[in-house]
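Visitor: I should like to learn how to read a protein model. Could we take a few features in turn, with the general idea before the particular case?

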Amino acid sequence: MMLKALCLGLLCVIFVSHFYTPIPDNIEESWKIMALDAVAKTCTFMAMCLENMGIMRYEEFISMIFRLDYTQPVSDEYITVTDTTFVDIPVRLYLPRRKSETRRRAVIYFHGGGFCFGSSKQRAFDFLNRWTANTLDAVVVGVDYRLAPQHHFPAQFEDGLAAVKFFLLEKILTKYGVDPTRICISGDSSGGNLATAVTQQVQNDAEIKHKIKMQVLLYPGLQITDSYVPSHRENEHGIVLTRDVAIKLVSLYFTKDEALPRAMRRNQHMPLESRHLFKFVNWSILLPEKYSKDYVYTEPILGGLSYSLPGLTDSRALPLLANDSQLQNLPLTYILTCQHDVLRDDGLMYVTRLRNVGVQVVHDHIEDGIHGALSYMTSPFYLRLGLRIRDMYVSWLDKNL
């Protein structure tokens, strides 16, 4: 009996030491967040174990969990919800039922999920897009782009761009009663990456008649050129999303080869010919002093990979690499960043770069924010933080779109 108790105690100690992440004092609902973090890290641990045993890949196990949260397109008295396609790209469409004397606003939303997981059908994103459509009396489109690693870059970008270009056609805008001067592209996390890249492309393409009025980027991931930015160091073992998991997911966006995440962890993954891009992600210049703190900047080491991946130097994959001339034509931009987030500095650097070229930017920083908060807006995993970010997002849209 004593031996069993000792073994159980030892297992508890190992569990706590492996999954426990200290929660900052300013975090609201700290016990709930601690539990959610433990669940996330437990799932990651199980997925890695299954992958190491050769049973299934990490992303396959996590995808199974995500799919349990998918919903059917259920309409209600205010909104008609349908699953359809835009040029073979699956989308979930939200159309207000009440009559309108004028054309409506529209929001195109790209869901997060590290390029590998998720869908507009997820309970939280369905809830968010339905709420947006009802509150704004707006047409909302949730885009279900192809996922990695079954489909690598540029598949996700191409799907997003194709869906947006289709929606911007005059006949489609007329069909859904959308005002072509009041369209927004939004996204969170990796979806924020796609929203950024697609907006850059649309605004700089002379052949696209209708342009975007604004873009909304919610804790976006915009670069992996430098994997030693301060937020990566501060949140290496961060809440819900750790540095290792972030690197693994963005690596799968490009390739299944394990050499890439190994090189990324050492900040040695960029190809030899890429030094000219470092100025676009130089956090020692682009970050406010409050966030750069006493960290010392060193350039990423070139040539750590034995081969070159074109996507690593492509602004369609990493939109913070876009040059200034590509940024000058961008519309009004709202960026939300979270303090306790490994991706925090990507959004902060983009705020600086856009303002430097004269783009109007509104920036909100959530001091008690964590990555992925919008995924926790529905029972049983709802957080007041997620609902607060939802309200900030929708309120800003209502005032500006």
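Visitor: How is the packing of helix α4 and helix α15 to be described, and at what angle do their axes cross?

Guide: In general, a pair of packed helices is characterised by the angle and the distance between their axes. In this predicted model, the axes of α4 (residues 123–136) and α15 (residues 384–400) come within 10 Å and cross at roughly 35 degrees. The crossing of α4 past α15 is right-handed.

Visitor: Which residues make the contact?

Guide: From α4, the contact draws on F127, L128, W131, T132, T135 and L136. From α15 come L387, R390, D391, Y393, V394, L397 and D398. Sorted by class, the contact has eight nonpolar, two polar and three charged residues.

Visitor: Which residues does UniProt list for "active site"?

Guide: The UniProt entry, which is unreviewed, lists S189, D341 and H371 under that heading. These residues are spread over 183 residues of sequence, yet they cluster in space, with a largest C-alpha distance of 10.4 Å. Two of the set, S189 and H371, belong to the lining of the largest pocket. As for its place in the fold, S189 lies in the loop between β5 (178–188) and α7 (190–203).

Visitor: How does one find empty space in a model, and how much of it lies in the largest pocket?

Guide: The general idea is to roll a probe the size of a water molecule over the atoms, which shows where space is left empty. Here the largest pocket holds about 1,200 Å³. Its lining consists of 48 residues, and F66, F117, V240, S375 and Y376 lie nearest the centre. By class, this lining divides into 28 nonpolar, 16 polar and four charged residues.

Visitor: Which helix gives the most to that lining?

Guide: Helix α2 does, with five residues. Helices α2 (30–52), α3 (58–67), α4, α7 and α9 each supply at least two.

Visitor: How many cavities of 30 Å³ or more are there, and what lines the largest?

Guide: The count is one cavity of 30 Å³ or more. The largest cavity has a volume of about 40 Å³, and its lining is formed by K248, S251, L252, T255, K256, D257, E258 and P261. Helix α9 (residues 243–254) provides the largest share of this lining, three residues. By class, the cavity lining has two nonpolar, two polar and four charged residues.

Key: Residues numbered from 1 in each chain as written. Predicted model: local features only at pLDDT ≥ 70, side-chain atom pairs only at ≥ 80, totals over all residues. Heavy atoms only, no water. 1 Å grid on protein atoms, 1.4 Å probe; cavity = no way out; pocket = protein on both sides within 12 Å on 5 of 7 lines; lining within 4 Å. Points joined across faces, edges and corners; volume = space filled by probe spheres on them. Helix = DSSP H or I, 4+ residues; strand = E, 2+ residues; numbered from the N terminus. Nonpolar A, V, L, I, M, F, W, Y, C, P; charged D, E, K, R; others polar. Axes fitted to C-alpha atoms, helices over the stretch in contact; angles between N-to-C directions. Left-handed = near helix turned anticlockwise from the far one by under 90°. Contact = heavy atoms within 4.5 Å. UniProt positions renumbered as here; feature names shortened; annotations may be inferred.
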